[in-house]
Amino acid sequence: MAAIKIRRAQPRDATALIAFNRAMALETERKLLTPRVIGAGVRGLLRRPDSGFYTVAELGGEVIAALMVTKEWSDWRNGDFWWIQSVYVVPEYRRRGVYRRMYAYLRKLAAHDRAVVGFRLYVERNNRRAQSTYRASGMERTHYLVYEHLKPGVRFFTPVGAASSRRRRKARTKR
């Protein structure tokens with residue numbers, strides 16, 4: 001894959017980024033992301049480079065992979081961790097070094113930014129293939145666990161199966 005090009009995403013990449021996020025959520029968590037919400041989220045980050053950025057991999061002018069970087073301030077280290085999130089590689093290009101090249105690109109960017117102290121990411125507990133990829137890139141598993149609490153009313157996905165069962169219920173009530 002010599003012709004692969006890694007670059008920072010541009011607003012023109014929003015459609016691919018949205019599609020990749022939706023595919024990744026469905027594949028890894030069986031969630032159907034709400035198009036309006038993920039669309040606003042992707043475009044919002046593209047407009048706010050101080051909060052983070054997307055990186056894409058192109059092959060022959062086609063975007064084949066993407067990842068998002070967000071920043072977390074570390075007072076202990078007096079610098080930013082770059083959190084790698086929303087990693088997606090089109091299935092036919094997986095296990096071909098695409099992520100490795102994207103991570104090398106990020107490391108090169110970080111080497112020129114004195115504020116960056118390191119990288120972090122989280123991965124689904126059962127996604128062994130991704131964990132293997134991250135270990136091979138030099139990352140180490142930490143002793144931290146991730147917790148979250150969403151504000152009431154935050155809706156961003158439909159569980160797989162829920163949409164089809166709602167459609168079946170509506171069809172039955174129309175009869």
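**Entry 1: salt bridges**

I take a salt bridge to be a side-chain nitrogen of Lys or Arg within 4 Å of a carboxyl oxygen of Asp or Glu. With that in hand, I opened this predicted model and found that Arg 7, Asp 13 and Glu 58 are linked in a network of salt bridges. My count by this rule came to 5 salt bridges.

I looked at the pair Arg 7 and Glu 58, where the closest N and O atoms are 3.0 Å apart. Arg 7 sits in strand 1 (residues 5–8) and Glu 58 in strand 3, so this pair ties together parts that are 51 residues apart in sequence. Buried or exposed, I wondered, for Arg 7 and Glu 58? Both are buried.

Next I went to Arg 94 and Glu 27, whose side chains meet in a salt bridge at 2.8 Å, N to O. Arg 94 is in the loop between strand 5 and helix 3 (98–111), and Glu 27 is in helix 1, so the link ties together parts 67 residues apart in sequence. I noted Arg 94 as partly exposed, because its relative accessibility is 26%. Glu 27 is also partly exposed, with a relative accessible area of 46%.

Then came Glu 72 with Arg 120, a salt bridge with its closest N and O atoms 3.3 Å apart. Here strand 4 holds Glu 72 and strand 6 (residues 116–121) holds Arg 120, so parts 48 residues apart in sequence are tied together. Glu 72 counts as partly exposed at 29% relative accessibility. Arg 120, at 19%, is buried, because the cut-off for buried is under 20%.

**Entry 2: around Ser 51**

I found Ser 51 in the loop between helix 2 (35–46) and strand 3 (52–59). Its relative accessibility is 25%, so I wrote it down as partly exposed. The Ser 51 side chain makes a polar contact with the side chain of Arg 48 at 2.9 Å. Leaving out residues up to four places away in sequence, I saw Ser 51 touching Leu 45, Val 69, Thr 70 and Lys 71. I also checked Ser 51 against Glu 72: their C-alpha atoms are separated by 9.0 Å, with these positions 21 residues apart along the chain.

**Entry 3: the cavity**

How many cavities of 30 Å³ or more would a search of the whole structure find? It found 1, with a volume of about 30 Å³. The elements giving two or more residues to its lining are helix 1 (14–29), strand 4 (62–74) and strand 5 (79–89). Among the lining residues I listed Leu 17, Phe 20, Tyr 54, Met 68 and Tyr 88. By class I noted 7 nonpolar, 2 polar and no charged residues in the lining.

Notes. Residues numbered from 1 in each chain as written. Predicted model: local features only at pLDDT ≥ 70, side-chain atom pairs only at ≥ 80, totals over all residues. Heavy atoms only, no water. 1 Å grid on protein atoms, 1.4 Å probe; cavity = no way out; pocket = protein on both sides within 12 Å on 5 of 7 lines; lining within 4 Å. Points joined across faces, edges and corners; volume = space filled by probe spheres on them. Helix = DSSP H or I, 4+ residues; strand = E, 2+ residues; numbered from the N terminus. Nonpolar A, V, L, I, M, F, W, Y, C, P; charged D, E, K, R; others polar. Buried < 20%, exposed > 50% of the residue type's maximum accessible area, 1.4 Å probe, protein only. Contact = heavy atoms within 4.5 Å. Polar contact = N/O pair within 3.5 Å; in protein donor to acceptor, adjacent residues only side chain to side chain.
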